[in-house]
Amino acid sequence: MSKLPTPVPRRRPRIPPPRPVRQRRRRWGLGVLLLAPFLLVAGIGGWLWMHWPDEGVIDPQVRIDALTGELQREVAARQQAEAEQQRARRQLSLLEAEKDAYREDVERQEAELARLRDEVAFYERLAENNNDSSLGLRDLALQATGQSGVWDVVFQIYRAGLNRSLDVSWSLEITGRFEGDDEDTTLDQDELGVEQSRSIEGFRLLRNVRARVVLPEDFTPEGVTVRVEPDEEDGPEPTMKRGEWDRMTGEGA
């Protein structure tokens with residue numbers, strides 16, 4: 001009995017997928033191909049990020065050294081700024097001192113100029129006034145000599161007008177009190193050791209006088225009196241000027 005041939009299964013015909021399905025598959029494959037480089041880059045970046053050392057693993061000493069260096073730079077900058085500020089303050093102080101000195105110098109010059117103007121006006125009046133020939137005293141002052149109890153008494157005698165000359169005499173006395181005394185004592189030029197001549201011959205217009213006096217020990221002076229009188233009986237009237245010692249010391253009276 002012969003075998004019957006095995007029937008061969010029939011192959012189903014391949015039915016292509018619908019067109020929309022094919023298009024989706026094609027787009028998906030193309031997207032995979034386009035994303036592959038980005039995925040590779042992202043993978044490499046992720047690996048580097050995972051293995052890159054962060055601040056937590058930096059040596060603390062390195063961080064401390066960096067902060068110390070920054071602090072030192074800040075301190076140096078602050079010190080330099082403070083030094084510049086101090087130099088600016090010193091410069092400003094010097095400028096202010098120079099300004100004050102300049103202002104004081106201007107004030108002194110103005111005062112000296114005013115004094116010289118007064119002097120010129122005085123001399124002009126002295127020379128032009130021929131109607132008044134009376135005697136006068138001015139600029140009574142005390143000047144220290146540097147020796148204990150030794151003083152110079154200075155003053156000016158003047159007479160207005162350019163008329164005839166005149167012979168005059170001057171005298172001075174100092175009033176004060178000896179230690180332990182209750183009453184004042186008046187010392188004349190002889191008791192004060194005045195050696196200058198007290199006579200002026202041919203006096204005309206103005207004469208400067210300087211008389212050195214020596215005060216006794218334990219004597220406290222209180223005032224100085226200077227008198228000037230003509231030697232002629234028919235001359236001008238005598239004149240007198242008094243100054244307080246404390247107020248006259250170093251100043252004109």
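## A hairpin, a small sheet and a shared core

Let's start with a hairpin: strands β3 and β4 form one, with 6 residues between them. In its turn, Gly180 has a positive phi of about 95 degrees. Strands here are DSSP runs of E with at least two residues, helices are runs of H or I with at least four, and both are numbered from the N terminus. Two strands count as paired if DSSP finds at least two bridges between them.

A quick word on what you're looking at: this is a predicted model, in which local features need pLDDT of at least 70 and side-chain atom pairs count only at pLDDT 80 or more, while totals for chains, interfaces and linings use all residues. Residues are numbered from 1 along each chain as its sequence is written, and side-chain values use heavy atoms, with hydrogens and water left out.

**Back to the hairpin**

β3 covers residues 166-178 and β4 covers residues 185-188; 4 bridges join them in the antiparallel sense. If you want a spot to look at, find Gly176, which stands opposite Thr185 in β4.

Right beside Gly176 in the numbering is Thr175, also part of strand β3. Which residues does Thr175 touch, once neighbours within four places in sequence are set aside? Among them are Asp184, Thr185 and Thr186, and the list also includes Phe219, Pro221 and Arg242. Contact here means heavy atoms within 4.5 Å.

**The whole chain**

Zooming out, the protein has 3 helices and 8 strands. Reading from the N terminus, the order is α-α-β-β-β-β-β-β-β-β-α. Of the 253 residues, 21% are buried. "Buried" means under 20% relative accessible area, "exposed" means over 50%, and "partly exposed" is in between (1.4 Å probe, protein chains only). The accessible surface comes to about 19,800 Å², and carbon and sulfur atoms own 53% of that. Those areas come from the Shrake-Rupley method with a 1.4 Å probe, and for residues only the protein chains shown count as cover. Among contacts with a separation of 6 or more, 65% are between residues 24 or more positions apart.

**The open sheet**

Which strands make up the open sheet, and in what order? There are 3 of them, arranged β1-β2-β6 with antiparallel pairing. β1 (135-144) and β6 (206-214) are the edge strands, each pairing on one side only. From one strand to the next, the twist averages 20 degrees. Between β1 and β2 (residues 150-159) there are 8 bridges, and Leu137 stands opposite Ile157 in β2. Strands of a sheet pair through backbone hydrogen bonds.

Helix α2 (residues 60-128) lies across β1, β2 and β6, at about 45 degrees to β2. For that angle, axes are lines fitted to C-alpha atoms (for helices, over the stretch in contact), and angles run from 0 to 180 degrees between N-to-C directions.

**The core and its aromatic pair**

The largest nonpolar core has 28 residues, and Phe155, Ile157 and Trp170 have the most contacts inside it. Such a core is a set of buried Ala, Val, Leu, Ile, Met, Phe, Trp, Tyr and Cys residues joined through side-chain atoms within 4.5 Å. At least two core residues come from each of β1, β2, β3, β5 (199-203), β6, β7 (219-230) and α3 (245-248). The biggest giver is β3, with 5 residues.

The structure holds 3 aromatic pairs. In one of them, the ring centres of Phe155 and Trp170 are 5.6 Å apart and the planes sit at 75 degrees, so the pair is edge-to-face. Rings of Phe, Tyr and Trp (its six-membered ring) pair if their centres lie within 6.5 Å; planes under 30 degrees apart are stacked, over 60 edge-to-face, and the rest tilted. Phe155 is in strand β2 and Trp170 in strand β3, so the pair ties together parts 15 residues apart in sequence. Both residues are buried.

**Three loop residues**

Here are three residues from loops, with their relative accessibility.

| Residue | Loop | Relative accessibility |
|---|---|---|
| Val194 | between β4 and β5 | 9%, buried |
| Leu205 | between β5 and β6 | 22%, partly exposed |
| Asp218 | between β6 and β7 | 52%, exposed |

Leu205 isn't a glycine, yet has a positive phi of about 65 degrees. Asp218, not a glycine either, has a positive phi of about 60 degrees. As for Val194, its contacts beyond four places in sequence include Trp170 and Ala211. Val194 and Val214 are 20 residues apart in sequence, with their C-alpha atoms 7.8 Å apart in space.
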